[in-house]
Every structure is written in structure tokens, then in C-alpha cells.
Amino acid sequence: QVQLVESGGGLVQAGGSLRLSCAASGLTFSTYVMGWFRQAPGKEREFVAAISWNGGNTMHADSVKGRFTISRDNAKNTVFLEMTSLGPEDTAVYYCAATRRGLLAISEVYPYWGQGTQVTVSS
């Protein structure tokens, strides 16, 4: 079955950086759009970034543009989220997700999800 396993979360001070990874198995990784979403306590899940099947196209939420970068390594079935200039507002559980529906920011079109990794940014 499809498995998406996130790693790389943790506690970091404001202004710091983290690199999240999501290892995929049970699917033909190179044919899927991969996305990152996050959910802060008491808030709705929100889109962070997505990357096309071959990495040629990406999209990032306005709130993270210029600070976060999504990338992928199809040889390793892994998608990454490089996060810099982190602030307390970035504190959330971060989820990776997979879809074949296209480069979309809508969580409902992603059928496969990981369990999430916690990112906590202290001020």
C-alpha cells in the first residue's frame, strides 16, 4: 500500500532553518505531484507547496514564498521542503501528500497523506 513518511521536524528558534523529507513507497513516485500542507493548532489545514512529477514546476503559498523551497529526488522517491527564516507562525504539523490530479493547492484532490511531522518555532 501507499506510504508517505515525513521526517525532519523539530524545535527551532525563530530565524532558523529546517529541512523536511517525505519518503514515498507503494506508488510510482515519478508520476505523482507531491505537496506539502500544514495544520496549526485550532486552524484549518493549509497548502504550503507543491511540485510537479518531474520537478519542472513548483508552486508555493504566498505566506512561504521566498522562505520555503520544495524539491524532489525521483531516484530516491523523496520530496523535500527546505524552510528558512522560520517564525512562530510556521509552527504546525507538516504533512506531505500525493496526487495525480495536477499541481493543485486543494487538499481534497490529494488521496494519499503521511502522518505528519511537528515543526515548532520558538520566539
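Q: In this predicted model, what makes arginine 45 a charge that sits over the ring of tyrosine 95?

A: The charged end of arginine 45 is 4.1 Å from the centre of the tyrosine 95 ring, and since the cut-off for the distance is within 6 Å, together with a limit of within 35 degrees of the ring normal, the arrangement is described as a charge over a ring. The charged end of arginine 19 is placed in this way over the ring of phenylalanine 80, 4.0 Å from its centre.

Q: Why is the pair of phenylalanine 37 and tyrosine 110 called edge-to-face?

A: Six aromatic pairs are counted in the model, and in the one formed by phenylalanine 37 and tyrosine 110 the centres are 5.1 Å apart, with 80 degrees between the planes. Centres must lie within 6.5 Å for rings to pair, and planes over 60 degrees apart count as edge-to-face, so the values for phenylalanine 37 and tyrosine 110 satisfy both conditions.

Q: Why can the pair of phenylalanine 37 and tyrosine 110 be said to tie together parts that are apart in sequence?

A: Phenylalanine 37 belongs to strand 4, whereas tyrosine 110 is found in the loop between strand 9 and strand 10, so the pair joins parts that are 73 residues apart in sequence. Both phenylalanine 37 and tyrosine 110 are buried, and ring pairs link them with Phe47, Tyr95 and Trp113 into a cluster.

Q: How do you know that glutamate 82 and arginine 19 form a salt bridge?

A: Their side chains meet at 3.5 Å, N to O, and because a salt bridge requires the nitrogen to be within 4 Å of a carboxyl oxygen, the pair qualifies as one. Glutamate 82 lies in strand 8 and arginine 19 in strand 3, so this salt bridge ties together parts that are 63 residues apart in sequence.

Q: Why does arginine 19 count as partly exposed?

A: The relative accessibility of arginine 19 is 45%, and because buried means under 20% and exposed means over 50%, arginine 19 falls in between and counts as partly exposed.

Q: What makes aspartate 90 buried, and which residue forms a salt bridge with aspartate 90?

A: Aspartate 90 has a relative accessible area of 0%, and because the cut-off for buried is under 20%, aspartate 90 is classed as buried. Its salt-bridge partner is arginine 67, with the closest N and O atoms 2.8 Å apart, and arginine 67, at 16% relative accessibility, counts as buried. Salt bridges that share partners join arginine 67 and aspartate 90 with Arg38 and Glu46 into one network.

How values were computed
Residues are numbered from 1 along each chain as its sequence is written. This is a predicted model: local features need pLDDT of at least 70, side-chain atom pairs count only at pLDDT 80 or more; totals for chains, interfaces and linings use all residues. Side-chain values use heavy atoms; hydrogens and water are left out. Rings of Phe, Tyr and Trp (its six-membered ring) pair if their centres lie within 6.5 Å; planes under 30 degrees apart count as stacked, over 60 as edge-to-face and the rest as tilted. Helices (H or I, at least four residues) and strands (E, at least two) are DSSP runs, numbered from the N terminus. Buried means under 20% relative accessible area, exposed over 50%, partly exposed in between (1.4 Å probe, protein chains only).
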